[in-house]
Amino acid sequence: MGKGCIAATKYFLFLFNLLFFIFGAVIMGFGLWVMLDNQSFITVLHESSTTLKVGAYILIGIGSLSMIIGFLGCIGAIYEVRCLLGLYFTCLLLILIAQVTAAVLIYFQRDLLKHEMSTIVNKILLNYTGHNKTSEHAWDYLQRTMKCCGWTGPSNWTENILIKSEKNNSQNLYPCSCRNVSISGTDLKETGLCASLSPEWPVFTTGCISSVEDWFLRNCGVILGVCVGIAVIELLGMILSMCLCKTVQQEDYTKVPKY
């Protein structure tokens, strides 16, 4: 391989590792968002789902590891250090295998995950009070923004403890965040329970499971594209690192800066 090709490979690998470092930061940021967000459906699952918590920690770990690998890859490419290039190739291979394994597990465990989500949501609906609980406000936000009610439909709310107790007292309560503004009713509120003026609730009739599934279907192309893009970039990095590693006949550690 000529000197021009070696130089091009070296700088392409450096650019790739810079992108890989940025991707690692994005993945770690997404994991932190899953852990800290309190304004979306993620919060509803996070409070009760150990699976999601573990997944968030894994994302943070993978993101941090990717950033470290990107940094090592940059050093190995610029200063042509074979041991770093070999370590970089091995780590990329392990990450790629882990990503494929995770994708396969999620695909084959999707029914179990769906059941777990249903159990978590029904538990929230059963004990809902509307008094400053993070998961409750997140669920209210989901119902308002996606214009849905309950998990499979408004009937899920009939099992709520407060709604059932007030119904025995001749008061017909419904979740305020389900309110369909096209139907006449009481004043609009974003959270809590509202009193209905008629036996029929002025709420959306679509369950949130349908809205969530529709959102995933609308965005699955973007999600799949990002996953494939990351895999292609990782494969490209592995190829470039091996090409550069083969061309480095003798390591010159005097090039590496000393601090």
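This is a walk through some features of the structure above, which is a predicted model.

Let us begin with helix H4, which runs over residues 82–108. Does its length fit what one would expect of a helix? What span should its 27 residues have at 1.5 Å a residue? The expected figure is 39 Å, and the end C-alpha atoms of H4 are 39 Å apart, so the two agree. The buried residues of this helix are Leu-84, Leu-85, Tyr-88, Leu-92, Ile-95 and Leu-96.

Ile-95 also leads us to an enclosed space, since it is one of the residues that line the largest cavity. Rolling a probe the size of a water molecule over the atoms shows where empty space is left. Searching the whole structure turns up 1 cavity of 30 Å³ or more, and the volume of the largest cavity is about 40 Å³. Besides Ile-95, its lining includes Phe-20, Phe-23, Ile-27, Ile-62, Ser-66, Gln-99, Ile-230 and Glu-234. Which helices supply at least two residues each to this lining? They are H1 (3–36), H3 (50–79), H4 and H8 (208–247). H1 gives the largest share, with 3 residues. By character, the lining divides into 6 nonpolar, 2 polar and 1 charged residue.

Now please move along the chain to helix H6, residues 134–146, where you will find Ser-135. With a relative accessibility of 2%, below the 20% cut-off, Ser-135 counts as buried. Its C-alpha atom is separated by 9.5 Å from that of Val-121, and the two residues are 14 apart along the chain.

The surroundings of H6 are also the place to look for aromatic contacts. How many aromatic pairs does the structure hold? There are 2 aromatic pairs. Tyr-128 and Trp-157 make an edge-to-face pair, with 5.0 Å from centre to centre and 90° between the planes. This pair links distant parts of the chain, 29 residues apart: Tyr-128 sits in the loop between helix H5 (110–126) and H6, while Trp-157 sits in the loop between H6 and helix H7 (161–168). Are these two partners buried or exposed? Tyr-128 counts as buried because its relative accessibility is 1%, and Trp-157 counts as buried at 0%.

Trp-139 and Trp-151 form an aromatic pair as well, and this one is tilted, with 6.3 Å between the centres and 50° between the planes. Trp-139 belongs to helix H6 and Trp-151 to the loop between H6 and H7, so the pair ties together parts 12 residues apart in sequence. Trp-139 has a relative accessibility of 0% and therefore counts as buried; Trp-151, at 3%, is buried too.

Stay with the loop between H6 and H7 a moment, because Lys-147 is found there as well. Most residues other than glycine have a negative phi, and most peptide bonds are trans. Lys-147 has a positive phi of about 55°, although it is not a glycine. With a relative accessible area of 54%, over the 50% cut-off, Lys-147 is exposed.

Lys-147 also helps to line the second largest pocket. This pocket holds about 200 Å³ of space. Its other lining residues are Arg-144, Cys-176, Ser-177, Arg-179, Asn-180, Val-181, Leu-188, Lys-189, Glu-190 and Phe-204. The lining divides into 4 nonpolar, 2 polar and 5 charged residues.

Next comes a charged contact. The structure holds 1 salt bridge, and its partners are Glu-159 and Lys-164, whose closest N and O atoms are 3.8 Å apart. Where do these side chains stand in terms of exposure? Glu-159, with a relative accessible area of 45%, is partly exposed, and Lys-164 counts as partly exposed at 42%.

Our last stop is Val-203, in the loop between strand E2 (193–195) and H8. A relative accessible area of 6% means that Val-203 is buried. Which distance separates Val-203 from Pro-154 in space, C-alpha to C-alpha? The answer is 7.6 Å, for residues that lie 49 apart in sequence.

Definitions and conventions
Residues numbered from 1 in each chain as written. Predicted model: local features only at pLDDT ≥ 70, side-chain atom pairs only at ≥ 80, totals over all residues. Heavy atoms only, no water. Helix = DSSP H or I, 4+ residues; strand = E, 2+ residues; numbered from the N terminus. Buried < 20%, exposed > 50% of the residue type's maximum accessible area, 1.4 Å probe, protein only. Phe/Tyr/Trp six-rings, centres within 6.5 Å; stacked < 30°, edge-to-face > 60°. 1 Å grid on protein atoms, 1.4 Å probe; cavity = no way out; pocket = protein on both sides within 12 Å on 5 of 7 lines; lining within 4 Å. Points joined across faces, edges and corners; volume = space filled by probe spheres on them. Nonpolar A, V, L, I, M, F, W, Y, C, P; charged D, E, K, R; others polar. Expected span 1.5 Å × (residues − 1). Salt bridge = Lys/Arg side-chain N within 4 Å of Asp/Glu carboxyl O.
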